[in-house]
Amino acid sequence: MMWFSRPFLAVAALGAAAASVLSAGSAADKLTLEDRIEISRGLTAEYATARIVLPKSKKPLVFNSDGTYDKSVWQDDNRQFGLAARVGDLVQVTKITIEADKILFEINHGNKGNGHWYDHVEVGMGGATNPVGQGDSNAPSGTNIALHFGKSVPPLKAAEIKKMLAPVLDFDKHSATENYVEALPPEIKLAIEQKKAVENMDRDQVMLALGRPRSKTRETKDGYDQEDWIYGEPPGKITFVTFRGNKVYKVRDDYAGLGGSTAPKINPQ
């Protein structure tokens, strides 16, 4: 049997206690599986408004957790690779990857964001990805942002990460579409809310109110080039929205061939 002096035992006990405290502290400073799941759920497929110009980039744009970033590098990428989002554009986080010292955010499907990026949107954490459906971003393209911590990613919630990204992405504002509708004349805004077309709307406003038409036809009538957007399927209500130029000239509803009604005029703005 080995015997140890009391001073030695006391030092050993202190060493064991210190190792235990360090181990507990190290575990507390690490991102847990629950943290990762909460971040993924809280940020993936979320919309934000671009507060600054977001450039395309071959490598993820570096943004530090203290809110700083190299503006000159971002501007150089914009000049070299082009624009991903303008100030005020609505963008979507389409994928998140959590690494040892940073979190990668794929915006509008990243460098593959040209065209119909929303047809291939995926959610991912690490190596796994899952589809999240269709988005409605109005930004011209996509990019990638890397949120750097300079050390291991600490335990965080999605809301805290949104605050960190606030200098470049605003997750609290209304969408660009909502802001656009709020600024419209009251009668146009009301028509969009009621899902109907009225005279003097433009094409974008009709799209917001009724969506994409089932079909379109063009003709020249009374010396004017006209385009009809047709909504609905027989039997039932068929709506004809007639454009002259970029404005709605007339709206007519037919009910299974039994006649129709013309939408009331509103004063041009």
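## Report on a predicted model

In helix α2 (residues 33-43), the buried residues are Asp35, Ile39, Ser40, Gly42 and Leu43. The model described here is predicted. Just past α2, Ala45 has a positive phi of about 75 degrees.

**The chain overall**

The protein chain holds 7 helices and 15 strands. It has 269 residues, and 38% of them count as buried. Its exposed surface comes to about 15900 Å², with carbon and sulfur atoms supplying 54% of that area. Now take the contacts in the protein chain with a separation of 6 or more: residues 24 or more positions apart account for 61% of them.

**The open sheet**

An open sheet is built from 6 strands. Their order is β3-β9-β6-β5-β1-β10, and the pairing is mixed. β3 and β10 (169-170) are the edge strands, each pairing on one side only. Helix α2 packs on this sheet and touches β5 (90-98) and β6. The direction of α2 makes about 165 degrees with that of β5.

Strands of a sheet pair through backbone hydrogen bonds, in a parallel or an antiparallel way. Strand β9 (residues 143-148) takes part in both kinds of pairing here. It runs parallel to β3 (residues 61-64), joined by 4 bridges. With β6 (residues 102-107) the pairing is antiparallel, over 6 bridges. Strand β9 is also mostly covered, with 5 of its 6 residues buried.

Which residues stand opposite β9? The table lists three pairs.

| Residue | Partner in β9 |
|---|---|
| Val62 | Ala146 |
| Ile103 | Leu147 |
| Ile107 | Thr143 |

**Two nonpolar cores**

In soluble globular proteins, nonpolar side chains tend to be buried together. The largest nonpolar core in this model has 33 residues. Phe105, Ile161 and Leu169 touch the most other members. At least two residues of this core come from each of α2, β1 (47-50), β3, β4 (83-85), β5, β6, β9 and α4 (158-164). β5 gives the most, with 4 residues.

What does Leu169 touch, beyond its neighbours within four places in sequence? Leu169 is in contact with Ala48, Thr49, Ala50, Leu54, Val91, Ile107 and Ile145. Another core lies apart from the largest one and has 15 residues. Among them are Ala197, Trp229, Tyr231 and Val241.

**A helix pair**

Helix α6 (residues 186-193) packs against helix α7 (residues 203-210) at an angle of about 35 degrees. Their axes are 7 Å apart. From α6 come Ile188, Ala191 and Ile192; they meet Gln205, Leu208 and Ala209 of α7. By class, this contact has 5 nonpolar residues, 1 polar residue and no charged ones.

An α-helix has 3.6 residues a turn, so residues three or four places apart point the same way. In the contact, Ile188 and Ile192 both lie in α6. Leu208 and Ala209 belong to α7.

**Lys247**

Lys247 lies in strand β14 (residues 247-255). Is Lys247 buried, exposed or partly exposed? Its relative accessibility is 41%, so Lys247 counts as partly exposed. Buried would need a value under 20%, and exposed one over 50%.

Lys247 touches Asn200, Met201, Asp202 and Thr242, leaving out residues up to four places away in sequence. Asp204 is 43 residues from Lys247 in sequence. In space, the two are 10.0 Å apart, C-alpha to C-alpha.

Notes:
Residues are numbered from 1 along each chain as its sequence is written. This is a predicted model: local features need pLDDT of at least 70, side-chain atom pairs count only at pLDDT 80 or more; totals for chains, interfaces and linings use all residues. Side-chain values use heavy atoms; hydrogens and water are left out. Buried means under 20% relative accessible area, exposed over 50%, partly exposed in between (1.4 Å probe, protein chains only). Two strands pair if DSSP finds at least two bridges between them. Contact means heavy atoms within 4.5 Å. Axes are lines fitted to C-alpha atoms, for helices over the stretch in contact, and angles run from 0 to 180 degrees between N-to-C directions. Ala, Val, Leu, Ile, Met, Phe, Trp, Tyr, Cys and Pro count as nonpolar, Asp, Glu, Lys and Arg as charged, and the others, Gly among them, as polar. Accessible areas come from the Shrake-Rupley method with a 1.4 Å probe; for residues, only the protein chains shown count as cover. A nonpolar core is a set of buried Ala, Val, Leu, Ile, Met, Phe, Trp, Tyr and Cys residues joined through side-chain atoms within 4.5 Å.
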